[in-house]
Structure formats: structure tokens, C-alpha cells
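Good morning, and thank you for joining. I should like to take you through a few side-chain arrangements in the structure that I am about to show.

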Amino acid sequence: MSAVLETQPTPSLITYDTHPDRYVHWKLSFDGQVATLSMDVDEDKGLKPGYKLKLNSYDLGVDIELADALNRLRFEHPEVKCVVVTSARERMFCSGANIYMLGSSTHAWKVNFCKFTNETRNGIEDSSRHEGLKALAAVNGTVAGGGYELALACDEILMIDDRSSTVSLPELPLLGVLPGTGGLTRVTDKRKVRRDLADVFCTTSEGVRADRAKQWRLVDHIAKPQAFKDAVAARAAALAAQSTRVGGKGITLNPLKRTIDAGGYHYDNADVKIDREQRTATITVFAPRTGVASGIEAIHAAGDKWWPLAMARELDDAILMLRTNDLEIGTWIFNTRGDADKVLAADAALKTNESDWFALQVIGFLRRTLARLDVSSRTLFAVIDKGSCFAGTLLELALAADRSYMLDLPDDEAGAPVIALSHMNFGAYPMVSRETRIAARFCGETQPVEAARAHIGEKLDARGGSALGLVTFTPDDLDWDEEVRIAIEERASLSPDALTGMEANLRFSGKETMETRIFGRLSAWQNWIFSRPNAVGEHGALKVYGSGAKAKFNWDRV
């Protein structure tokens with residue numbers, strides 16, 4: 001999804017759009033209901049200089065291509081019911097994240113890299129769970145670290161039994177860090193590997209061969225080299241038979257139209273204005289400017305220009321651009337503009353057509369995009385003022401926010417902002433906790449959620465929204481400017497590290513899931529380990545790997 005740039009970005013700016021014509025690390029092929037994604041990393045095409053991507057190791061550029069390929073399978077190839085993830089290399093599936101890339105990267109780069117990788121892996125599981133796109137890891141050689149974590153994200157793992165290929169999570173013994181993209185968590189939570197066996201596995205740098213891997217539940221199936229190809233075909237067919245995808249004519253994902261300048265990122269349906277002095281980004285999302293197609297034929301004809309998808313793609317891109325390129329911008333302020341009735345009409349079309357493959361994929365794209373907000377290490381404020389249209393799907397932005405401010409205009413009923421709930425707020429877009437944002441808002445209590453549900457479709461002013469607990473503060477027009485300004489300035493003055501910890505804790509109430517544990521452990525454990533001298537100090541394991549020197553550890557347990 002290449003961007004149209006009216007103003008050229010700086011050379012160091014990272015963008016997340018690409019196209020199969022520009023892939024240098026993945027090959028995508030099709031055979032009826034089965035697609036094959038073959039990893040063939042060009043070691044000389046790293047995203048940044050200073051390292052070679054040897055042994056099918058990956059960096060952010062490799063994962064950007066993978067994420068794009070998955071979206072194209074979702075939208076452009078609805079006939080595909082199972083994707084086989086494998087390697088184009090003999091005897092080497094994937095050696096994981098490139099160690100020299102990690103060793104030379106900043107702390108923030110490492111953590112954000114792990115986060116995006118997590119989201120991509122989670123997306124594979126999300127598509128299987130919600131949309132019926134199954135995934136088979138055809139591990140045709142040695143697999144280690146992040147390569148195994150990619151396999152773990154698939155529905156099944158089939159490993160070649162050639163008596164030499166191994167599977168391992170060697171991060172702890174070799175690098176002094178953790179399997180940071182969900183390895184530890186998926187081994188126990190998803191594959192139900194016994195704790196003692198997982199302990200051995202995660203501290204054994206040489207890994208285990210196929211027979212033991214199957215015995216320990218690290219893989220599902222094994223096959224001898226001469227039978228491997230047929231075994232892959234059989235398992236892919238079996239997974240395709242389980243799929244609920246109904247097929248249809250695909251929708252082309254055309255290039256995004258995005259302008260980058262010193263003031264931010266600008267799209268048709270979203271706009272990001274950055275105030276570097278205040279360290280804020282104001283993200284404005286626009287309602288449909290014209291009527292939204294509601295009949296299924298018209299929806300398909302609109303394709304990627306259909307507002308729910310067009311808006312979601314642009315918002316998703318904006319989130320990723322800000323997270324990667326603007327680390328010092330710690331507060332994101334959400335605005336909306338336009339006609340709330342048009343947003344509600346779009347929601348009605350999504351709800352009415354949710355059994356259609358395309359509408360289902362659009363809901364999935366929105367779900368995964370909104371989930372990025374929940375795990376972003378940024379303060380999220382929603383400002384609901386005159387001209388706002390926080391309705392239905394766009395109300396999710398306010399429900400995702402750490403706080404919301406809604407202007408109260410009791411003497412100007414016609415000009416007062418309103419919010420509105422739709423059916424899409426009650427199950428279409430669960431967080432990674434599997435809870436709706438409105439349920440998480442009330443910490444799992446059902447009564448306030450049901451009270452809100454009774455007002456679906458109603459236009460609620462500040463007092464109505466406050467009475468239902470849907471907004472935080474409702475200043476009137478006399479206090480509005482000052483109260484919002486002070487809140488933003490106070491927030492920007494606080495420790496970003498402490499805010500990251502607080503926000504991550506408060507956003508996910510109640511029960512945990514595998515995904516919340518993955519992101520929680522990344523935020524806490526791996527974030528901490530990545531800053532410790534045992535990993536990244538001058539003599540840390542990650543720094544000296546490959547140099548012939550031995551890591552020197554501080555033996556104090558902290």
C-alpha cells in the first residue's frame with residue numbers, strides 16, 4: 001500500500017505501507033483455497049544500515065511486508081481459507097529477530113519493534129478466530145526465537161523430522177533477554193507445555209529436535225523429509241475444511257493518500273497535527289462526507305473507498321506513524337468532525353451485512369486498529385466539542401481514551417455536542433482482553449453496561465453522557481478552554497515511564513487473556529530487561545553476541 005507523499009519525509013522516517021510488487025523478503029502464491037507465504041529474507045535489504053539479515057532473520061521491514069501480505073489475503077483473496085507460512089530456504093525456517101539489529105537499536109526501537117511484531121502475530125490468531133482464515137506453519141528447517149513465535153501464532157505447526165532441524169527459544173541463554181513477541185506466553189497459555197518442560201526448553205540454546213518437540217507439545221505434527229510436502233498439503237486442506245470463509249470477489253487495497261509535512265500526517269478521513277512544543281498530537285477523524293453505501297452490492301462496488309475501511313486504514317497508518325516516528329509526542333488528543341447520523345448509518349450497514357465476507361473483514365480491520373490504541377504507550381484524551389461526531393464506531397475512540405472532556409452547553413441545545421451509541425459498541429470491537437471497551441470502562445459490572453445499551457441510537461448531550469458514565473468531565477463554555485488546556489499541560493508534565501505503567505494497568509480491568517499477558521509482560525518484564533546492563537550494557541549478552549567475548553553479568557537478583 002504505497003503512499004502518495006506530497007511532501008517528502010526525512011530519510012529516517014519509517015512508513016508502514018508497501019505492496020507485493022515491492023516485497024523483498026516474502027513470496028506469496030496461491031493454489032485454490034490455500035495460499036503460501038514463503039519467507040526468503042534478502043540479507044542485504046535490512047530496514048536500517050549496520051546489519052545483515054542472515055539465516056532468514058528479520059527486522060521491522062520484514063514484519064511490515066508480512067502485515068501487508070496478511071491484509072491482502074484478508075481483502076484481495078477471500079477465496080483463501082488457509083495460509084501456509086513456510087520458508088523458501090532449505091533446512092532453515094527462520095532464526096528469529098536479527099540479533100545485530102537488536103544490539104544496535106535504541107531501547108525504544110526494540111520495544112516498539114516487539115509491539116508491532118506482537119500485533120501482527122495476534123492478528124493471525126484474530127483472523128482465525130473471527131474470520132475463519134486458518135494458518136499452518138510448515139517448519140521445513142531449524143526455527144528459533146521469533147521464528148518459532150511466528151509459528152506459534154498459527155493454528156497448527158508441522159515440523160520436518162530430518163534429525164538435524166531444531167526448535168528453540170534461545171533468547172535467555174544467548175542474549176540475556178526474553179522471547180519478547182509472545183514466545184513464553186504462547187508456549188504455556190496456547191500450547192499448554194508443562195512448566196518444567198518449558199523451563200528446560202527456554203534455557204536450552206541448542207533447542208530440541210522434531211520428535212521431542214512433538215512429545216513436549218511444542219509442535220502438532222512431524223513428517224520425514226520425503227513425506228513433508230504431502231503432509232503440508234494434507235494439513236492445509238484439513239484446516240481449510242474448518243474455515244468459515246465463504247469467498248467472493250476480492251477488494252483491491254489501493255495506495256493510501258497521505259501527505260507528510262512538518263505539522264503532521266494528513267489523509268482524506270483523518271488528520272494528525274503535531275505540536276512539538278506541547279508534545280501533543282491532535283488526531284481528527286472525519287465522518288463520511290456523503291451518504292454511506294448500505295446495500296451489499298454498493299458496498300462491494302465502493303471497495304476500499306467505503307468509509308469504514310478507508311477511515312480504518314488511515315487511522316491505523318496514523319497510529320503506527322506516530323508510535324514509531326514521534327516518541328516524544330506523549331499525549332494524543334482525539335477529535336471527530338462531521339455528521340453523527342452518517343456514522344450511525346455506516347454502523348447500521350456494518351451490522352446488517354456482518355455475515356458478508358467483506359463487511360466481516362472491515363469489522364476485523366477496525367477491531368485490530370482500535371486494539372492498537374489500547375496497547376499504545378501514549379496518553380489518550382478525547383475532546384468532545386462543537387462539531388464532534390463521537391457516535392458508534394467513532395465513540396470507541398472516546399471509550400478507549402484515558403479521559404474524555406465533553407462540552408456542556410445547556411443554553412444552546414442546537415449547538416451542543418452529542419454522543420451516540422450503536423450496536424457496534426457492544427461486541428464488534430473487543431479489546432485484546434476480549435472485553436468491549438464499555439465493559440472494561442465499568443470494570444466488568446453489567447448494570448451500567450445494560451443501562452447504556454438501553455440508549456442505543458439516542459443523541460446524548462453532556463449531561464446525558466455523564467449520567468451514563470460515558471464521559472469523564474463536562475465543563476461548560478465558560479470553563480472549557482481553561483480546563484482542557486490545564487488538563488493537557490498537567491499530563492504532559494508527568495513522567496512518561498510512570499504514565500506508561502499506569503495506563504497499561506488501568507486500561508485492562510478484570511480477567512486476563514493470553515494477549516493481555518503478552519503485552520503486559522512486554523511492557524513490564526521485557527521493557528525492564530532491555531534497559532538492564534546484563535542485556536545491553538557494554539558487556540551485556542545482547543551487545544557481545546557474535547564477538548567471541550563472554551557476557552559479564554551483575555549477579556545481584558533484583
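I shall speak about aromatic pairs, then charges over rings, then a polar contact, and lastly a surface patch. Please bear in mind that this is a predicted model.

Let me begin with the aromatic residues. The count of aromatic pairs comes to eleven. One of them is formed by Y58 and F113, whose ring centres are 5.9 Å apart; the planes meet at 40 degrees, and the pair is therefore tilted, since stacked pairs need planes under 30 degrees apart and edge-to-face pairs over 60. Where do Y58 and F113 lie in the chain? Y58 belongs to strand β3, residues 57-58, while F113 belongs to helix α3, residues 107-131; with these positions 55 residues apart, the pair links distant parts of the chain. Y58 and F113 are both buried.

A second tilted pair consists of W306 and F358, with 6.0 Å from centre to centre and 40 degrees between the planes. W306 is found in the loop between α10 (296-302) and α11 (307-325), and F358 in helix α13, residues 357-374, so this pair ties together parts that are 52 residues apart in sequence. Here too, W306 and F358 are both buried. These two residues also belong to one aromatic cluster, in which they are joined by F75, W357 and F365.

I turn now to charges placed over rings. Y58, which we met in the pair with F113, has R121 over its face, at 5.3 Å from the ring centre. In another such arrangement, the charged end of K110 sits over the ring of F530, 5.7 Å from the centre of that ring.

Next, a polar residue. Is N122 buried or exposed? N122 is located in helix α3, and its relative accessible area is 9%; residues under 20% count as buried, and N122 is therefore buried. Its side chain makes a polar contact of 2.6 Å with the side chain of R186.

Finally, the surface. Which residues form the nonpolar patch there? They are Y100, L174 and Y545, and together they have about 250 Å² of accessible area. Y545 is situated in the segment after α22, which spans 541-544. With a relative accessibility of 30%, Y545 counts as partly exposed, because that class lies between the 20% limit for buried and the 50% limit for exposed residues.

That concludes my presentation, and I shall be glad to take questions.

Definitions and conventions:
Residues numbered from 1 in each chain as written. Predicted model: local features only at pLDDT ≥ 70, side-chain atom pairs only at ≥ 80, totals over all residues. Heavy atoms only, no water. Patch = residues over 30% accessible without salt bridge, like charges linked within 9 Å, V, L, I, M, F, W, Y side chains within 5 Å. Areas by Shrake-Rupley, 256 points an atom, 1.4 Å probe, with all protein chains shown as cover. Salt bridge = Lys/Arg side-chain N within 4 Å of Asp/Glu carboxyl O. Helix = DSSP H or I, 4+ residues; strand = E, 2+ residues; numbered from the N terminus. Buried < 20%, exposed > 50% of the residue type's maximum accessible area, 1.4 Å probe, protein only. Phe/Tyr/Trp six-rings, centres within 6.5 Å; stacked < 30°, edge-to-face > 60°. Lys NZ or Arg CZ within 6 Å of the ring centre and 35° of its normal. Polar contact = N/O pair within 3.5 Å; in protein donor to acceptor, adjacent residues only side chain to side chain.
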